[in-house]
Amino acid sequence: MFRVLVSDAISEEGLAPLRASAHIDIVQKNVSEAEEELHTFDALLVRSATKVTEKLLENMPNLQIIGRAGVGVDNIDVDAATKRGIVVINAPNGNTISAAEHTFAMMAALVRRIPQAHISVKSREWNRSAFVGNELFGKKLGIIGFGRIGSEVAKRARAFGMSVHVYDPFLTKDRAEKLGVSIHSLDEVLASADIITVHTPLTKETRGLLGADNLAKTKKGVYLVNCARGGIIDERALIPFLENGHVAGVALDVFEQEPPGDHPLLSFDNVIVTPHLGASTVEAQLNVATQVAEELLHFFEGRPVTSSINLPVLSKDVYEKIHAFYHLGRKLGLIASQFMNIPVQELSVTYAGTVADLETTYITRSLLAGFLRPRVASTVNEVNAAMIAKERGITYGEKFSDETHGYANCISLTVHGENKTFTIKGTHVPNYGDRIVHFDGVAIDFAPEGHLLYIQHHDRPGMIGKVGNVLGAHDVNIATMQVGRQEAGGKAMMILSLDKPVDEAVLHALAQIDDIETVKRLEA
Ligand SMILES: NC(=O)C1=CN([C@@H]2O[C@H](COP(=O)(O)OP(=O)(O)OC[C@H]3O[C@@H](n4cnc5c(N)ncnc54)[C@H](O)[C@@H]3O)[C@@H](O)[C@H]2O)C=CC1
Ligand SMILES: O=C(O)C(=O)COP(=O)(O)O
């Protein structure tokens, strides 16, 4: 049973597929209400209200996945989640239209002074001359951040007869041309726009992007809109520009602190506000809840998630192709780590044959996670494997080769340790399974499954019988046995697969046999 804590208001209808699952138990409580049971949850679903801090994650040791029913993840400590191997997903498209429409509504309301006029009429006044506004038609709209929402705002602005000047350092000329907007530097947008709307994420680079210096570069009489994140426009810096009339008006849906409390900006008549409503439509909430619910179901079924913030994103198609290699990679890493149970500095992975054409980053992450698993006490998976490897000074790299040793595909892992190097190679045979085809310099063929016993010995007659006798005497049943050697009379090895793991006494008894050099247990 997977337990899901839903700690913000998320559409019931969107959550229906999760509720329908017999394996999922949904609890709807905020974090403080759920304090006593935080340790029991496998998943956490939030919007922007819940602050997912490192401290909260410490109290949720079973957490595997955080779903953000929306876009912005600035309320989630993604680094802390990644460190713990927790997958973070969001619903990037579900509320785009709602946020763009809200931005547009705010912009129109701002220049026509609709909220102020509304309050006046509701106060039984009729003062038409007090609310003379401006047209949007013919004005220059400066858009800072031209992603999903920025570009939807641009389409609507063009329909209103506005010209759109965009600043986004990651925007290509092609895309700008397609959407009928012109690309400019930030300074150019600041200097030329009649209205400026921001649509970036809140990051170290965008916090305070419109601070005192940049506000001073804007046109006198400029209107500003922030329906993205509080803090992109510096609230404190804005105040003198409103006081001296340089800024004609501001529309804010978001605040540095939410709720903003008794904020000085709220006293200005020409500052219009909404309480973070950009995504608050029935449609957007259904979309985002449905998206995260589906992703959560996939995750719990062991299928790929498609909108992760901290995992390489895989389409269903790509996943179908790579998942067999993903498991093989995990096994190669796991076996290699146990065999090389010494400090290691470097892992080198080589892909050959059909696997070389696939999304190998994901397979390498899986291999790395398999390698680190026996070495670290905490959860390690493809989310945090790269970070943990770095912390432990283990570097890794991928290569590609044509050498498949006669197989359709081959993954080769070489582990470099102090004074020792080990290579293991495996292949995946469709409808048959994974096979290890090369182990520490010896060609062999075994399935990387279950309780394995590795025995390295000199190639002599009677070795198989001696090993069989010792295991029989200890009541250990052999399921399969594979043998291989470098050359007749030289280094040879056996890989046995056993029904149960062997204990130290068996390892010791085997090591006493003449001509046996090494005996190791390997779990796969
Ligand atoms: N008010 C609300 O309820 C909602 C707010 N949002 C917020 O709106 C913002 C935009 O969301 P989306 O368009 O979906 O995101 P997006 O990721 O599609 O677009 C963000 C754009 O900002 C650009 N960008 C990044 N750093 C920049 C910088 N330093 N200067 C200029 N451009 C930069 C990126 O290249 C990208 O094109 C986010 O902050 C999101 O959290 C989203 C939905 C609802
Ligand atoms: O999706 C976003 O980034 C939003 O800001 C929407 O936030 P909300 O889910 O309405 O709390």
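Leaving aside its neighbours within four places in sequence, which residues is Thr206 in contact with? The legends below, which describe a predicted model, begin with that residue.

**View 1. Thr206 and its surroundings in the loop between strand S9 and helix H9.** Once neighbours within four places in sequence are set aside, the residues in contact with Thr206 are Thr200, Pro201, Gly231 and Ile232. The loop that holds Thr206 runs between strand S9 (195-198) and helix H9 (212-216), and Thr206 counts as buried because its relative accessibility is 10%, under the 20% cut-off. Pro201 also takes part in a polar contact here, since the side chain of Thr206 reaches the backbone oxygen of Pro201 at 2.6 Å.

**View 2. Ligand 1 in the largest pocket.** Around ligand 1 there are 25 residues, of which Arg148, Ile149, Asp168, Thr200 and Asp253 come nearest. From the side chain of Asp168, an N or O atom is 2.7 Å from an oxygen atom of the ligand. Backbone atoms also approach oxygen atoms of ligand 1, with an N or O atom of Gly72 at 3.4 Å and one of Gly278 at 3.3 Å. The protein buries 87% of the 860 Å² that ligand 1 exposes when taken alone.

**View 3. Ligand 2 and the residues around it.** The residues around ligand 2 include Arg47, Ser48, Arg68, Asn95, Arg229 and His276, together with Ala69, Gly70, Val71 and Gly72. An N or O atom in the side chain of Ser48 is 2.4 Å from an oxygen atom of ligand 2, while a polar backbone atom of Gly72 is 2.7 Å from an oxygen atom of this ligand. For Asn95, a polar side-chain atom lies 2.9 Å from a ligand oxygen atom. On its own ligand 2 has 310 Å² of accessible area, and the protein covers 89% of it; the space that ligand 2 takes is the largest pocket.

**View 4. Arg303 in the loop between helix H11 and helix H12.** Helix H11 (282-300) and helix H12 (316-339) flank the loop in which Arg303 is found, and Arg303 counts as partly exposed because its relative accessibility is 35%. The side chains of Arg303 and Glu301 are joined by a polar contact of 2.3 Å, and, not counting residues up to four places away in sequence, Arg303 touches His298 and Tyr319. Glu320, which is 17 residues from Arg303 in sequence, is 9.3 Å from Arg303 in space, C-alpha to C-alpha.

Terms used:
Residues numbered from 1 in each chain as written. Chains lettered and ligands numbered in written order. Predicted model: local features only at pLDDT ≥ 70, side-chain atom pairs only at ≥ 80, totals over all residues. Heavy atoms only, no water. Helix = DSSP H or I, 4+ residues; strand = E, 2+ residues; numbered from the N terminus. Buried < 20%, exposed > 50% of the residue type's maximum accessible area, 1.4 Å probe, protein only. Polar contact = N/O pair within 3.5 Å; in protein donor to acceptor, adjacent residues only side chain to side chain. Contact = heavy atoms within 4.5 Å. Near = heavy atom within 4 Å. Areas by Shrake-Rupley, 256 points an atom, 1.4 Å probe, with all protein chains shown as cover. 1 Å grid on protein atoms, 1.4 Å probe; cavity = no way out; pocket = protein on both sides within 12 Å on 5 of 7 lines; lining within 4 Å. Sits in = over half its atoms within 2 Å of the grid points.
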